[in-house]
Amino acid sequence: MGVAERALMTPDEFERAVARTQLRERARRMAYAILVEGVSAGVAAEREGVSRQAAHKAAQAVRRRGVVRRTG
């Protein structure tokens, strides 16, 4: 548990989207883990020592500025 079947963005899509944010490095790492690596917000948060909500918020900030592939 903790890893999604598929990532929501490619590394290139992530880099383009995150460039349009003002996220700091820790938030970028959490968003990358969630959106590209496919880990859960809880796992990403645990890696950085912050709340699950903080990790989710970082991913949402990037997701709003990028192209997210829908699966299923």
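Start with the whole chain on screen: of its 72 residues, 36% are buried. Keep in mind that this is a predicted model. If you colour by confidence, the chain has a mean pLDDT of 89, with 83% of its residues at 70 or more.

**The overall fold**

Switch to a cartoon view. You will find four helices and zero strands, and reading along the sequence gives the pattern α-α-α-α. Among the elements of the chain, H2 has the highest confidence, with a mean of 97, and H1 the lowest, at 94. Now turn on contacts between residues with a separation of 6 or more: 63% of these link residues 24 or more positions apart.

**Stop one: helix H2**

Select residues 25-37, which form helix H2. Which residues of H2 are buried? They are Ala27, Met30, Ala31, Ala33, Ile34, Leu35 and Val36. Show the neighbours as a surface, and you will see that the cover over these buried residues of H2 includes H1, H4 and helix H3 (41-48). Before moving on, step just past the end of H2 to Gly38, where phi is positive, at about 85°.

**Stop two: where H2 meets H4**

Add residues 52-63, helix H4, to your selection. At what angle do H2 and H4 pack? The angle is about 80°, and the axes lie 8 Å apart. Angles of 65 to 115 degrees count as roughly perpendicular, so H2 is roughly perpendicular to H4. To see the contact itself, show side chains for Ala27, Met30, Ala31, Ile34 and Leu35 on H2, and for Ala54, Ala55, His56, Ala58, Ala59, Val62 and Arg63 on H4. Colour the residues of this contact by type and they divide into 10 nonpolar, one polar and one charged. On the H2 side, Ala27, Met30, Ala31, Ile34 and Leu35 are also on the list of buried residues of that helix.

**Stop three: an aromatic pair**

Next, look for rings that pair up; the count comes to one aromatic pair. Select Phe14 and Tyr32: their ring centres are 5.2 Å apart and their planes meet at 90°, so the pair is edge-to-face. Phe14 sits in helix H1 (residues 11-18) and Tyr32 in helix H2, so the pair ties together parts that are 18 residues apart in sequence. Are the two partners buried or exposed? Phe14 counts as buried because its relative accessibility is 2%, whereas Tyr32, at 27%, counts as partly exposed.

**Stop four: the loop at Gln22**

Follow the chain to Gln22, in the loop between H1 and H2. Its relative accessibility is 80%, so Gln22 counts as exposed. Draw a distance from the C-alpha of Gln22 to that of Val62: the separation is 9.8 Å in space, for residues 40 apart in sequence. You have met Val62 already, as one of the H4 residues in the contact with H2.

**Last stop: the segment after H4**

Finally, select Arg64, which is in the segment after H4. Arg64 counts as exposed because its relative accessibility is 59%. Which distance should you draw from here? Go from the C-alpha of Arg64 to that of Ala17: the two residues are 47 apart along the chain, and their C-alpha atoms are separated by 8.3 Å.

Note on methods
Residues numbered from 1 in each chain as written. Heavy atoms only, no water. Axes fitted to C-alpha atoms, helices over the stretch in contact; angles between N-to-C directions. Helix = DSSP H or I, 4+ residues; strand = E, 2+ residues; numbered from the N terminus. Parallel < 35°, antiparallel > 145°, perpendicular 65-115°, else oblique. Contact = heavy atoms within 4.5 Å. Nonpolar A, V, L, I, M, F, W, Y, C, P; charged D, E, K, R; others polar. Phe/Tyr/Trp six-rings, centres within 6.5 Å; stacked < 30°, edge-to-face > 60°. Buried < 20%, exposed > 50% of the residue type's maximum accessible area, 1.4 Å probe, protein only. pLDDT = per-residue confidence, 0-100.
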